[in-house]
Amino acid sequence: MNKFLSRLLVFFIGIPIVIGIVILPYFNHLPLHLFFILVSFFASNELYDIFKVNSRLPPKTLVVSLSVLVTTIAAVYSVLPEVLEIKIPYGQEIITFSYIISLFIVMAYEAIFAKEFETSNSKLAASAFIITYSGFLLTFASRLTLFRLNGQSITTPLFCVFALLVFFCDSIAWLFGMLFGKNNRGILKASPNKSLMGFFGGFVGSTFIAVSATYVWPEIFSGKIWKAVVLGISIALSSIVGDLVESVFKRCSGIKDSGKVVPGRGGMLDSIDSVLMSAPIYYLLISIMYGPF
């Protein structure tokens with residue numbers, strides 16, 4: 001019942017809030033970028049706390065700040081031209097550059113300030129992963145605000161479709177699992193309650209949304225129907241993997257929830273694990289199959 005109520009809260013409160021933030025167009029969706037920065041802050045904090053159970057790490061302030069820095073640079077790159085009415089003479093490589101610099105700072109810190117090196121490899125690997133997972137991956141969601149079609153922003157439809165792809169994968173997977181998954185659970189130790197029919201339902205849900213998008217916004221999701229099927233299957237797969245991987249993080253550290261930020265859902269990572277893995281997949285597939293925008 002708690003699971004059912006949490007999904008109702010997401011559908012009737014969470015999704016409308018996110019869509020409300022998305023449709024605010026001011027300064028190339030500045031509220032949305034501020035939301036991403038906040039998400040990166042909470043997500044990197046939670047992931048740091050999960051990893052520190054089994055690993056020594058550099059200072060939390062350093063790792064979290066660098067994660068947020070990458071997301072902030074992506075936001076500035078998207079918003080600044082609208083605020084100052086200028087064109088930044090650099091491509092999106094500046095976002096990747098900020099990510100590389102963040103990794104460089106972590107490595108330099110360990111090389112300069114470490115007093116012993118028995119745990120250096122694990123410290124570097126864990127901190128680099130936190131920056132990548134809760135910082136860099138999120139920048140691909142920010143980059144969706146840069147897409148234009150005939151000079152007009154298409155951020156709102158792109159984000160609405162993305163949110164529904166992930167939500168329907170999760171929700172239809174849960175529904176199929178509840179109705180048809182009683183005898184096919186436990187196939188994956190990372191999440192024993194997940195069922196084979198649940199996974200199938202996730203693919204059905206995402207594919208349904210992707211195909212529907214070709215009829216609602218045919219000018220954006222144009223071309224053959226197979227492209228929508230590929231998009232739906234890919235986002236379903238990345239969403240499922242994202243959910244399973246976060247379960248691995250928590251099981252390794254022996255915790256149930258990543259935090260207490262989201263009522264009824266646990267931590268920020270518990271709510272966005274599928275989004276983090278799916279954002280770069282969605283961005284790249286949109287660019288490859290439906291671009292250039």
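**Note on the predicted model**

1. F27 sits in helix α2. Helices here are DSSP runs of H or I with at least four residues, strands are DSSP runs of E with at least two, and both are numbered from the N terminus. F27 is partly exposed because its relative accessibility is 43%. The classes are as follows: buried means under 20% relative accessible area, exposed means over 50%, and partly exposed is in between, with a 1.4 Å probe and protein chains only.

2. Ground rules. This is a predicted model, in which local features need pLDDT of at least 70 and side-chain atom pairs count only at pLDDT 80 or more, while totals for chains, interfaces and linings use all residues. Residues are numbered from 1 along each chain as its sequence is written, and side-chain values use heavy atoms, with hydrogens and water left out.

3. F27 belongs to a nonpolar surface patch of about 690 Å². The other members are L24, Y26, V76, L80, V83, L84 and I86. Two elements give two or more residues to this patch: α2 (26–51) and α3 (60–84). Helix α3 gives the most, with four residues. On the method: patch residues have over 30% relative accessible area and no salt bridge; nonpolar side chains (Val, Leu, Ile, Met, Phe, Trp, Tyr) are joined within 5 Å, and like charges within 9 Å. Areas come from the Shrake-Rupley method with a 1.4 Å probe, and for residues only the protein chains shown count as cover.

4. Next to F27 in the numbering, check N28. This residue is also in helix α2. Its phi is near 55°, a positive value in a residue other than glycine. N28 counts as buried because its relative accessibility is 6%.

5. A second positive phi is at N150. The value is again near 55°, and the residue is not glycine. N150 lies in the loop between β1 and β2 (152–153). N150 counts as exposed because its relative accessibility is 74%.

6. Helix α3 also holds V68. V68 is buried because its relative accessibility is 15%. The C-alpha atoms of V68 and I37 are 6.2 Å apart, with their positions 31 residues apart along the chain.

7. How many salt bridges does the whole structure hold? The search finds eight. The criterion is a side-chain nitrogen of Lys or Arg within 4 Å of a carboxyl oxygen of Asp or Glu.

8. R148 and E82 form one of these bridges, with the closest N and O atoms 3.8 Å apart. The pair links distant parts of the chain: R148 is in strand β1 (residues 148–149), E82 is in helix α3, and they are 66 residues apart. R148 is partly exposed because its relative accessible area is 24%. E82 is partly exposed too, because its relative accessibility is 39%.

9. D49 bridges to K52, with the closest N and O atoms 3.6 Å apart. D49, K52 and K60 are linked in a network of salt bridges. D49 is partly exposed because its relative accessible area is 30%. K52 falls in the partly exposed class because its relative accessibility is 49%.

10. Is the K250 and E246 pair buried or exposed? Both residues are buried. Their side chains meet in a salt bridge at 3.6 Å, N to O. The two residues lie in helix α8, four residues apart, about one turn of the helix.

11. Helix α8 (residues 225–253) also packs against a partner. Its axis and that of helix α7 (residues 196–216) come within 8 Å and cross at roughly 140°. Axes are lines fitted to C-alpha atoms, for helices over the stretch in contact, and angles run from 0 to 180 degrees between N-to-C directions. The two helices are therefore oblique to each other. The bins: under 35 degrees is roughly parallel, over 145 roughly antiparallel, 65 to 115 roughly perpendicular, and the rest oblique. The crossing of α7 past α8 is right-handed. Right-handed means that the near helix is turned clockwise from the far one by less than a right angle; anticlockwise is left-handed.

12. S142 is in helix α5 (residues 120–143). S142 is buried because its relative accessibility is 1%. S142 and V79 are 63 residues apart in sequence and 9.9 Å apart in space, C-alpha to C-alpha.

13. One peptide bond to look at: G291 to P292 is cis, with omega near 0°. P292 is in the segment after α9 (268–290).
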